[in-house]
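Please look through the sequence and the structure shown here before reading on. The paragraphs that follow lead from one charged residue to salt bridges, sheets, nonpolar cores and aromatic rings.

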Amino acid sequence: MAYILLTPLTTRLNKFRMIGQRLSRRGDVSSPSRLSLWLRSETFSRCRSSLSAVCVLSLTWLVSSLGSAEEQPSGLEDGYVLIAPMGASVVHLIDSQQHIVHSWDCGEGPGNATYLEKGGTLLRTGKIDSRAFSSRATFSSGKFSKMPGGAGGRIRRYSWDGELLWDYLVADDHLHHHHDVEPMPNGNVLVIAWERHTKDEAIAAGRDPETLAEDAIWTETILEIKPKGKTDGEVVWRWRLWDHLVQDHDETKLNHGKVADHPERVDFNYATRRGGADWIHLNSVDYNADLDQIALGARWFSEGWIIDHSTTTEEAAGSTGGRQGKGGDILYRWGNPAAYGAGTEADRVFFAHHDVRWIDDGSPGAGNLMIFNNGEHGARAYSSVDEFIPPVDEHGSYPLEEGQAFAPEAFSWSYSAPDDGFYSARISGAQRLPGGNTLVCSGEQGWLFVVTPQGERVWELKIAEWINPKPVASTAATEPSETPAAAQAQGKGKGKSGGKGKSAKGRRKGGGKGGKGGGAAGSSAGRIRGSAFRAPWYPADYSEAFEQLPADRN
């Protein structure tokens, strides 16, 4: 059984807002950006109760004119899904009929994330071993056995035809890339990296020494890297969590203050039971070009954070400057108000989540935030996909009443199916499609499926079964037949390209990326495990490189 959780009747106004956004994109109003911001503003929120009756009537008429939920597209709408199985060297681009339309053999398994970019290039991460970032590491035969989940270190870009265009390392004794990257409209790449600090540095910054189980602690940094040449890059912007800490453990140390008075900072002594040195465990980064803001997913805090990208690197190190005037302080956080002293454990609604992202322009709910809410053993043993509406005003700010938690009070839409076994405790992601359905990647299970707004599953693919089909007896009494997917996943074949990449039409204003990435580690006995970091969807017109593909499909 599938469950759909909705907020009270007045949140029907949120549907009215989404319809207004759709009308604005069709050109039926004069100022789409202004309308979209006003519909999310504090002014509009104050009008909700008095406008309920009028808006419900308006909603009825608008839904009638645009089509009912039953008339919306079902299944996986026309487009492409990028599949990078854990442990496999080959990345597949498939269509809605599950045909392979293109493949890249990258020679090694991914670090975690893999993206398709405009023009048909592939951005892919890889894993580099590190002694400095091995949690309680033991070094044997040149391999580090304790690299934490999500470890990366290498970022590569491939052409449509598989040529290696860029090979860049963020892997030394001080910084190490992990989990996610984000291709930006300007061609640069946002990178999440661990930043290593010694035990003495942590204590001086206000960390309780009783919670330091190792000789170092890792905070987080976000780098914007401009590719240069084939193996070089320039860091053109940087944000460091280390610059935005607060602690109420020791008034003689740095960063002292009352945690509840500083929701814009991160409590240096929260979530100390998690992760050892990997204390925050950011696992996703998303960029909003309209707001010039960055969304981050902090797994061990069970929170999503938003920071300002419009700052300089110098401003990002402080609390002033940038479009919001707050420097690199946290603009907005949601999922667990206990993390900043505005609630208790009972108020937590995120459970070791992944894939914090804005819903793209062109899809219902555009501008809202969505997560894959993994769940945790012992806390909530099932997964969900959840959408919520951040209280952003017309200036891109997030109002907060002193002493209160950030809004909203509840999700605006949620999908879960515990009776059907929908549960992935790690990795995973979800993406709202333009037609209103949602593509889900239950990563640990390697289960891709599409759900309607009403929670009906209308398309699915099990990666392991798709790549490793049951053998079919050969009439020639030779080897069992092997599908192109199985052959390519094991490096035995190459996908058909059908043309070189040229240019592309971006989905998001400012040249957004389309979808999030996929892929990470592990296979056995020549068979590919089906797990995947994420599996993003891209529209049929995302790249002109697709124009010649249909005739070449396997």
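**A walk through the predicted model**

R240 has a relative accessible area of 21% and is therefore partly exposed, since a residue counts as buried only under 20%. The structure in which R240 is seen is a predicted model. The side chain of R240 meets that of D243 in a salt bridge, with 3.1 Å from N to O.

The count of salt bridges comes to 17, and several of them can be followed through the chain. In one of them, R156 is joined to E108, and the closest N and O atoms of the two are 3.4 Å apart. This pair links distant parts of the chain, for R156 belongs to strand β9 (residues 153-158), whereas E108 lies in the loop between β4 (100-105) and β5 (114-116), 48 residues apart. R156 counts as buried because its relative accessibility is 15%, while E108, at 26% relative accessibility, counts as partly exposed. Strand β9 also holds R154, and D167 lies in strand β10 (residues 164-169), so that this pair ties together parts that are 13 residues apart in sequence. The closest N and O atoms in the salt bridge between R154 and D167 are 3.0 Å apart, and both R154 and D167 are buried. Through salt bridges that share partners, E108, R154, R156 and D167 are joined into one network.

The next stop is a sheet. Four strands form an open sheet with antiparallel pairing, in the order β11-β12-β13-β14. Its edge strands, each of which pairs on one side only, are β11 (175-183) and β14 (232-240), and from one strand to the next the twist averages 30 degrees. Within this sheet, strand β13 (residues 216-228) runs antiparallel to β14 and is joined to it by 8 bridges; to follow one example, I222 has W239 in β14 as its bridge partner.

Another antiparallel pairing can be traced further along the chain, where 3 bridges join β21 to β22. Strand β21 (residues 354-358) is mostly covered, with 5 of its 5 residues buried, and W358 has L369 in β22 as its bridge partner.

Which residues touch the most other members of the largest nonpolar core? Among the 32 residues of that core, they are V266, W279, I280, L296, F301 and W305. At least two residues of this core come from each of β12 (189-198), β13, β14, β17, β18 (293-298) and β19 (303-308). A second core, separate from this one, has 31 residues, including Y80, W104, L175 and V181.

Some residues named in the largest core return in the aromatic contacts, where ring pairs link W242, F268, Y270, W279, F301 and W305 into a cluster. F268 of this cluster also has a charged neighbour, since the charged end of R207 sits over its ring, 5.6 Å from the centre. A similar arrangement is seen elsewhere, where R380 lies over the face of Y382 at 4.3 Å from the ring centre.

The count of aromatic pairs comes to 25. A pair of aromatic rings is described by the distance of the centres and the angle of the planes. The rings of F372 and F422 have centres 5.7 Å apart and planes at 85 degrees, so this pair is edge-to-face, as planes over 60 degrees apart are counted in that way. Distant parts of the chain are linked by this pair, with F372 in strand β22 (residues 369-373) and F422 in the loop between β24 (413-416) and β25 (429-432), 50 residues apart. F422 also forms an aromatic pair with Y415, which is tilted, with 5.8 Å from centre to centre and 35 degrees between the planes. Both F372 and F422 are buried, and Y415 is buried as well.

The last stop is a glycine in a loop. G276 is placed in the loop between β16 (266-267) and β17 (282-288), and, with a relative accessible area of 37%, G276 is partly exposed. Although G276 and L212 are 64 residues apart along the chain, their C-alpha atoms are separated by 7.5 Å.

Conventions. Residues numbered from 1 in each chain as written. Predicted model: local features only at pLDDT ≥ 70, side-chain atom pairs only at ≥ 80, totals over all residues. Heavy atoms only, no water. Pairing = 2+ DSSP bridges. Axes fitted to C-alpha atoms, helices over the stretch in contact; angles between N-to-C directions. Salt bridge = Lys/Arg side-chain N within 4 Å of Asp/Glu carboxyl O. Buried < 20%, exposed > 50% of the residue type's maximum accessible area, 1.4 Å probe, protein only. Core = buried A, V, L, I, M, F, W, Y, C linked by side-chain atoms within 4.5 Å. Phe/Tyr/Trp six-rings, centres within 6.5 Å; stacked < 30°, edge-to-face > 60°. Lys NZ or Arg CZ within 6 Å of the ring centre and 35° of its normal.
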